[in-house]
Amino acid sequence: MKLPESYYQDNDVIKLSRDLIGKYLFTRFDGLVTGGYIVETEAYNGIIDRASHAYNDRRTNRTEVMYHAGGIAYVYLCYGIHEMLNIVTSVEGQPHAVLIRAINPTEGIDIMQYRRDMAVVKPNITSGPGSVAKAMGISRRINGISLQSDTLWIEDRGLVFNDEQIAAVPRVGVDYAGEDAALPYRFYVKGNPYVSKPNR
DNA sequence: TGCGCGATATACT
DNA sequence: GTATATCGCGCAA
């Protein structure tokens, strides 16, 4: 059921970002399972990508996990408030990562609702990277964890979206990245209500 | 050791 | 639409 280690070690992070759309992402904490299928991702293409933390081979304590072989999680804090979940891909020494920006929840929605402090469930419960992490209980203490673990994993349940249903557009919030800001590295399911704001 | 700033979300007007 | 919370990283000094 779980996607195997080899799935993540593909060298083409753009292709993987596209392929992860429709895959099921799960977490389990204290026996509570939450998850759903991925509807929005962004690719961060290693040391040549100005929007990536690893741009120009910036290997530091923070970025170290991105240099590991694919198949683990990279979780970091942004704006002092939001945690973001990334999937590390490619081979060792190649700091590629896929940012999970939105999922369509299917399991443990009540638990996610509680974690998000929401009185009523609305689509923004898992819309946007910070929301996904909070709803699924993901934080930096999970940084570097294997996707073969029983805490965080991804499954292929046969859900497929064709190219007509998926949009490829520039990434969000990376204006500082110069020319690389225009690259179509953001993928999402057209019309899905859980996709985060900027267009749909 | 200090400082500027960001892969955002939310509560405002 | 725009204001603002809030912190640790990366680089300069």
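Q: What makes the pairing of Thr60 with a phosphate oxygen of DNA strand C a polar contact?
A: In this predicted model, an N or O atom in the side chain of Thr60 is 2.8 Å from a phosphate oxygen of DNA strand C. A polar contact requires a pair of N or O atoms within 3.5 Å, so this pair qualifies.

Q: Which residues are around DNA strand C?
A: They are Arg58, Thr60, Arg62, Thr63, Leu77, Tyr79, Gly80, Ile81 and Arg140. Of the atoms of DNA strand C that come within 4 Å of the protein, sugar and phosphate account for 73%. By class, the residues of this surface divide into three nonpolar, three polar and three charged.

Q: Which parts of DNA strand C do Arg62 and Tyr79 approach?
A: For Arg62, a polar side-chain atom lies 3.1 Å from a sugar or linking oxygen of the strand. For Tyr79, a backbone N or O atom lies 2.7 Å from a base oxygen. Each distance is within the 3.5 Å limit, and therefore each pair counts as a polar contact.

Q: How do you know that Tyr79 also has a polar contact with DNA strand B?
A: An N or O atom in the side chain of Tyr79 is 3.4 Å from a phosphate oxygen of DNA strand B. The limit is 3.5 Å, so the pair is counted.

Q: How many residues surround DNA strand B, and which are the closest?
A: There are 21 residues around this strand, and the closest are Tyr44, Tyr76, His82, Arg116 and Tyr176. Sugar and phosphate make up 54% of the atoms of DNA strand B that come within 4 Å of the protein. The surface has 11 nonpolar, nine polar and one charged residues. At least two of its residues are supplied by each of β3 (72–78), β4 (82–89) and α4 (129–135).

Q: What do the side chains of Tyr44 and Arg116 meet on DNA strand B?
A: An N or O atom in the side chain of Tyr44 is 3.0 Å from a base nitrogen. A polar side-chain atom of Arg116 lies 2.9 Å from a phosphate oxygen.

Q: Why is Asp30 called exposed?
A: Asp30 has a relative accessible area of 80%. Exposed means over 50%, so the term applies. Asp30 lies in the loop between β1 (24–29) and β2 (32–45). Its C-alpha atom is separated by 9.3 Å from that of Thr151, which is 121 residues apart along the chain.

Q: Which residues have the most contacts inside the largest nonpolar core?
A: They are Leu25, Leu85, Ile100 and Leu152, in a core of 47 residues. Apart from this core lies another, of 17 residues, among them Met84, Val88, Ala177 and Ala181. Leaving aside neighbours within four places in sequence, Leu152 is in contact with residues including Leu25, Phe26, Ala73, Leu85 and Ile138.

Q: How do you know that β2 and β8 pair?
A: Three bridges join β2 to β8, and the two run antiparallel. Pairing needs at least two bridges, so the condition is met. Glu42 stands opposite Arg186 in β8.

Q: What makes β7 a partner of β8?
A: Four bridges join β7 (residues 166–169) to β8, and these strands run antiparallel. At least two bridges are required, so β7 and β8 pair. Here Ala167 stands opposite Tyr188.

Q: Which way do the residues of β8 point?
A: Arg186 and Tyr188 point one way from β8 (residues 186–189), and Phe187 and Val189 point the other way. All are buried.

Methods. Residues numbered from 1 in each chain as written. Chains lettered and ligands numbered in written order. Predicted model: local features only at pLDDT ≥ 70, side-chain atom pairs only at ≥ 80, totals over all residues. Heavy atoms only, no water. Near = heavy atom within 4 Å. Polar contact = N/O pair within 3.5 Å; in protein donor to acceptor, adjacent residues only side chain to side chain. Nonpolar A, V, L, I, M, F, W, Y, C, P; charged D, E, K, R; others polar. Buried < 20%, exposed > 50% of the residue type's maximum accessible area, 1.4 Å probe, protein only. Core = buried A, V, L, I, M, F, W, Y, C linked by side-chain atoms within 4.5 Å. Contact = heavy atoms within 4.5 Å.
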